[in-house]
Amino acid sequence: MLKNVLKWFEDRLHLTEVVGPSMTHPVPRSAKWWYVFGSMTLVLFICQIVTGISLSLLYVPSASQAFESLEYITFQAEMGWFLRALHVWGSHLMVGAMTIHMIQVFLFGAFKYPRELTWICGVLLFFCTLGMAFTGQVLRWDQDSYWGLGVGMSMAGRVPWIGPELVHFVLGGPIIGGEALSRFFALHVFVIPGMLIGLIGLHLLLVIKCGINEKPTPGVLVEKNSYQEKYHDLVEKRGMPFFPNAAGRDMIACGLTLGLLFFCAMMFGPSGPAGEPNPSFVQTAPRPDFYFQSIFAVLALLPPYMETFLILGFPILAIGTLFLLPFLSGGGEKHWRRRPISVAFVLTLVLSLGTLTYLGYLAPWSPVMDAWSGIPTPPAYVKGRTPLQLQGAIVVQNKQCRNCHMLGGQGGKRGPALDDVATRLNGDQLIRQVIQGGGNMPAYGKHLSPEETTALTAFLLTMTPDWQHEPAAGYPMNPRPTQDPVPPILPDS
Ligand code: HEC
């Protein structure tokens, strides 16, 4: 009976013609453990589909409810937190496995003739996966994702001529709101996964049609007129069928990957949601997921005049090189020992990305987000002050200036320490800096009342090392204020 049913399908689908040969197609004997990372990426992608569909049953893609629905999944739904953890760790591991796969392919020269198209397809898969990571982060719709998107969009906004239109198109309006969330939801759930599935099919087809790259031997060159013949010889005479040996290795690797995924999800849990998004919370600093952390560090550490070049020029250069690689170096030596420039390139890339990611997490310029609540104003800075100056000290504390500025050696290091700011700036300059911001400091214009600004300035003007005594000899330009400054005239009040 079962046999008849199977035969009925087989007569129509002719599946054995497709599956049989792809299972038994010969692969080079030298293809060993280095070759499992592609399958690992694939198995992680399948996990992402399963956990993603499950999450979509509870997630509400609307600006007003996304955050709540995530909280519901995380804290109330049965095992919801675990599902979210699996999805986020699946994405981290997938980006990781894919990167290793890509580096391996590059170092083994597998992108060379005749596998150029397999490589290009892989590069497209790489960008689609990063696209999934970015759009997925936006769906978290919390502080981090809101500001991460803000940074991404201000980068896109720098594209010459079409920048603003591009941002408008992606966000569905001039601001990050409900429209933007719907668009990113559609991208994350329909558009990019569709592209991924199509590309993966093509990628696998190419892998079977063009064969798996043999492990390179130093000195054996790829020549376009003889390679196919040699490869054919290699797999037909000395190769072995894909199933069971190579397939077995893939399965073991995939099993270990799943184990690692469950372990990470269990131990480290889901990511966020970290606070409701709030555009008026100017002090926030975006914390992107780790693969975007390096971009973040570059943006923060670069001298401003290089920003536009790097934001626009570097990606074009990098993407162009990736696509053109098999045409720039389609033949010749495959073994990494004979390709020192390629090895140096990979090392530089890995080291610099690693360092930047590390800096992104630890950098002294990143604001210390709890400085305002944790650290009191140093007593010396409140002793003998007028009530207005004391009010100013409270403003500094409440507006969380110390997330970025140190007082008495404590606080963030993104901006200069404020202990002696009155030796550098006078009242007007202080007001201008606070109201208009600039140089990586947010503008506080609308977030401070005139009274607060007055008090703040009064307090900041006491910030000289010798305020208690006579004005310091070295600072004749900014004498100690004898009077509180005149209230500023604000642009729009
Ligand atoms: C997000 C981080 C950040 C926050 C929050 C912040 N600042 Fe700044 N601030 C900076 C940076 C960065 C600079 C340096 C600007 C430059 O180089 O032009 C700066 C510069 C200044 C300066 C000029 C210092 C000098 O020596 O030139 C003053 C005064 C100042 N900030 C006051 C404040 C006050 C008051 C607040 C709170 C209302 C505040 N800042 C909040 C980042 C911040």
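Here are some short exercises on the structure above, each with a worked solution.

Before you start, know that this is a predicted model, where local features need pLDDT of at least 70, side-chain atom pairs count only at pLDDT 80 or more, and totals for chains, interfaces and linings use all residues. Residues are numbered from 1 along each chain as its sequence is written, and side-chain values use heavy atoms, with hydrogens and water left out.

**Exercise 1. The whole chain**

Work out how many helices and strands the protein chain has, and what share of its residues is buried.

Solution.
- Start with the elements: helices (H or I, at least four residues) and strands (E, at least two) are DSSP runs, numbered from the N terminus. The protein chain has 18 helices and six strands.
- Next, burial: a residue is buried under 20% relative accessible area, exposed over 50%, and partly exposed in between (1.4 Å probe, protein chains only). Of the 493 residues, 43% are buried.
- Then contacts, meaning heavy atoms within 4.5 Å. Take those between residues at least 6 apart in sequence: 79% of them join residues at least 24 apart.

**Exercise 2. How far to trust it**

Find which helix has the lowest mean pLDDT among the elements and which has the highest.

Solution.
- Recall that pLDDT is the predictor's confidence in each residue, from 0 to 100. The mean for the protein chain is 83, and 88% of its residues reach 70 or more.
- Go element by element: helix H15 (residues 371-374) is at the bottom with a mean of 54, and helix H3 (residues 37-56) is at the top with 96.
- Now check residues 469-483: pLDDT stays under 50 there, and the model has 14 contacts beyond four places in sequence for this stretch. Where pLDDT is low, the predicted coordinates should not be read in detail.

**Exercise 3. Around the ligand**

Describe which residues surround the ligand and which helix gives the most to the shell.

Solution.
- Count the neighbours, meaning residues with a heavy atom within 4 Å. There are 23, and the closest are Cys401, Cys404, His405, Arg424 and Met441.
- Look at polar atoms. The side chain of His405 has an N or O atom 2.7 Å from a nitrogen atom of the ligand. For Arg424, a polar side-chain atom lies 2.5 Å from a ligand oxygen.
- Sort the shell by class: 13 residues are nonpolar, seven polar and three charged. Here Ala, Val, Leu, Ile, Met, Phe, Trp, Tyr, Cys and Pro count as nonpolar, Asp, Glu, Lys and Arg as charged, and the others, Gly among them, as polar.
- Finish with the helices. H17 (427-436) and H18 (450-460) each supply at least two shell residues, and H17 gives the most, with three.

**Exercise 4. Unusual backbone spots**

Locate the cis peptide bonds at Pro114 and Pro244, and the positive phi values at Trp141 and Trp161.

Solution.
- Begin with the background: most residues other than glycine have a negative phi, and most peptide bonds are trans.
- The bond from Tyr113 to Pro114 is cis, with omega near 0°. Pro114 sits in the loop between helix H5 (80-107) and helix H6 (116-139).
- Phe243 and Pro244 are also joined by a cis bond, with omega about 10°. Pro244 belongs to helix H11 (residues 242-268).
- Trp141 has phi near 50° and lies in the loop between H6 and helix H7 (143-156). Trp141 counts as buried because its relative accessibility is 4%.
- Trp161 has phi near 65° and lies in the loop between H7 and helix H8 (163-171). Its relative accessibility is 80%, so Trp161 counts as exposed.

**Exercise 5. Two buried residues**

Trace what Ile176 and His188 touch, not counting residues up to four places away in sequence.

Solution.
- Ile176 is in the loop between H8 and helix H9 (178-210). With a relative accessible area of 16%, Ile176 is buried.
- Among the residues Ile176 touches are Trp141, Tyr146 and Leu149, along with Gly150 and Leu171.
- His188 is in helix H9 and is buried, because its relative accessible area is 13%.
- His188 touches His87, Met132, Thr135, Gly136, Leu139 and Pro193. The C-alpha atoms of His188 and Cys128 are 10.0 Å apart, though 60 residues separate them along the chain.

Notes
A polar contact is a pair of N or O atoms within 3.5 Å; within protein, one must be able to donate a hydrogen and the other to accept it, and residues adjacent in sequence count only if both atoms are side-chain atoms.
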